[in-house]
Protein chains: 2
Amino acid sequence: MQLRIPGPTPLPDAVREALARPMINHRGPEFAELINDVTRRLKPFFQTSNDLLILTASGTGGLEAAVVNTLSPGDRVLAVSIGYFGDRFAEIARLFGAEVVKLSVEPGRAADPAVVARALAEQGPFKAVLVTHNETSTGVTNDLAAIAREVRRTDALLLVDGISSVGSIELRTDEWGCDVVIAGSQKGWMVPPGLTMLTMSRRAWDAYATARMPRFYWDLGKARAALERGQTPATPAISLFFALQTSLGLMEREGLAAIAARHHRCAERVRQGVRALGLELFAEEAHASDTVTAVRVPEDVDAARLLRVMRESGVVIAGGQGALAGRIIRIGHLGWVTEADIDEVLAALERALPLARRTPLAR
Amino acid sequence: MQLRIPGPTPLPDAVREALARPMINHRGPEFAELINDVTRRLKPFFQTSNDLLILTASGTGGLEAAVVNTLSPGDRVLAVSIGYFGDRFAEIARLFGAEVVKLSVEPGRAADPAVVARALAEQGPFKAVLVTHNETSTGVTNDLAAIAREVRRTDALLLVDGISSVGSIELRTDEWGCDVVIAGSQKGWMVPPGLTMLTMSRRAWDAYATARMPRFYWDLGKARAALERGQTPATPAISLFFALQTSLGLMEREGLAAIAARHHRCAERVRQGVRALGLELFAEEAHASDTVTAVRVPEDVDAARLLRVMRESGVVIAGGQGALAGRIIRIGHLGWVTEADIDEVLAALERALPLARRTPLAR
């Protein structure tokens, strides 16, 4: 079985073995060693020396945590959205009472840093800017370095959804000045879903001190205080910590630069292969993602049938989300993935396409 | 190793094997079958036909979800607290803007239903009553049937923290009229931490429709809508669903009545054994919990040393939380536990006690 959706990603055998380890006391010395070790070893992948906290939740929980730990109701926020997950980030801020100015970009395109700069200048000041680094729903990677440069010319906090980028695509948290970066265990980390990791800059902690959105489970100050004792405020998903510790070993052995290069090679191979099948990429070429590729479904192909035929042949890819359902398919190529895996996916796609064409009757 | 804390609980081999299963697509047919199966099979253990939703989070996340899905800022809430986790439930409601009237009971004692009735009559009306069924921090089980009877004489919603009770101690959700019951995977379910399960009555859904506390990740309406498609709003902790499905098989084979009886036998054995060692139980006898036993630490015994000596001998039990740190030890006996396990714990405690006595010098 080839699981090639943009997360959850396949688990290496060593990670699966780690998942099966017996439970331990989450208030004991073994867990303290575990969380301290994992926290320390995650930071180089975020390229940060900021605080890093791990919460038991999906990545969406991490987005909510980023918002409620730094903002107050009424705060003006610029939400740069290039798709489904950008919309989600904006919606969370709005629901918790932020005054959200949304900068929406046509799906398939990246945000233009100059447009972000103009919004900052003309509609600011903002307390925070929300940006998705890699938009999983469209397969587009924003030029976060350039966007961050514009944000850093203002006093706004920069909250970055790095869920499908960190650990797979380079994200220089400190160099670029990202105040909060959110990740999720089921992406490049090769760990099942259930942990979200967040970095907090000095400026983010300053904002935390005065932020008034209600928070309890997501309270990163409590998480930081607990971490000083090698603990978490609520019972942590211990099995996933075991898995993460193991996968970090695999990732360290390969190294971040090599991991990013492998992701780029796999992505290039997907893009070339898809084009060779006569299909069109959904993302603009200059910003095509190295972790997920969205492909336009031709008019005469039934997307649902295509996914089903591929699944029956042992290759699981994803469909479109929201308004893109039926219009695109998405191939995940992050985490435990090689060029040989990509070749299998492409071969399965090639075999499935003719079987998924709409019959004249079904049209 | 004997892990005898009140959660996480030990994992049967079959559950550990389930944890190690390869990832699947959380938007595919396999997961739909999995979540539908697990949801349906959980309900008999909650003794309910209400909706049941599963969120990726610790039990504390479930408490937060119960609050924000049913209440609005300014709502008057009666929080019956008999310990640390009752305080936590109250604190969550307060943080999200409820007007909390707290009915605190001396640690080690259960709430008196007559006192609850008086509070309801004299300080009401209340929008909701928050109650802990089994207080993990003190080893006390409230008479929830009697408390619920009082609450049901009013219009207040009854939100029940059943985290360390459901599945181990009988909790008749529907018969007693509990509107929301919260559970956590790492307790009697024999699954690692990371899932919280909540039941929602018709009245709870009515409250949901008008509740105005901000919610996104915890939104149970979204969870219910996603469940109709066999999905979850955010990426679920798939491995823990695998584990839960397997553990439900074990639990069904034994049956709820037999599980509850086994927990009672184990608890009785702990209580007798502890008394036989000359130690005093912390909980009042009539309300001693069948899932966790708190034991007073004698004046001349160093609690931290006692825990350490026992851990080094292969038996892990818990200390006291908050103000009870150093004053009590807690033995968990829920989930995968037999009388033989209890005997090992008692033997380890007997051996450790003399080694943990304070020397005159250290006093």
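Between chain A and chain B, ten residue pairs are in polar contact, counting pairs in which both residues have pLDDT 80 or more, whereas the rule for salt bridges finds zero of them across this interface. These values, like those that follow, come from a predicted model.

On the side of chain A that touches chain B, the elements giving two or more residues are helix H1 (13-19), helix H3 (59-68), helix H4 (84-95) and helix H10 (238-254) of chain A. Of the contributors to that side, H4(A) gives the most, with four residues. Sorted by character, the residues of the side of chain A that touches chain B divide into 27 nonpolar, twelve polar and seven charged.

The size of an interface is often given as the accessible area lost when the parts come together. For chain A and chain B the buried area is about 3,700 Å², and carbon and sulfur atoms give 67% of it. Within chain A, the residues that lose the most area to chain B are Met23(A), Phe216(A) and Tyr217(A), which together account for 17% of what that side buries. The contact as a whole draws 46 residues from chain A and 46 residues from chain B.

The arrangement of the two chains can be described by a single operation: a rotation of 180°, with 0.0 Å of shift along its axis, superposes chain A on chain B with an RMSD of 0.0 Å. The two copies are therefore related as by a two-fold rotation axis. The same surface serves both copies, in that 100% of the contact residues of chain A recur in chain B.

Definitions and conventions:
Residues are numbered from 1 along each chain as its sequence is written. Chains are lettered from A and ligands numbered from 1 in the order in which they are written. This is a predicted model: local features need pLDDT of at least 70, side-chain atom pairs count only at pLDDT 80 or more; totals for chains, interfaces and linings use all residues. Side-chain values use heavy atoms; hydrogens and water are left out. Copies are superposed by least squares on the C-alpha atoms of residues with pLDDT of at least 70 in both. Contact means heavy atoms within 4.5 Å. Buried area is the accessible area (1.4 Å probe) that two parts lose on being put together, summed over both. A salt bridge is a side-chain nitrogen of Lys or Arg within 4 Å of a carboxyl oxygen of Asp or Glu. A polar contact is a pair of N or O atoms within 3.5 Å; within protein, one must be able to donate a hydrogen and the other to accept it, and residues adjacent in sequence count only if both atoms are side-chain atoms. Ala, Val, Leu, Ile, Met, Phe, Trp, Tyr, Cys and Pro count as nonpolar, Asp, Glu, Lys and Arg as charged, and the others, Gly among them, as polar.
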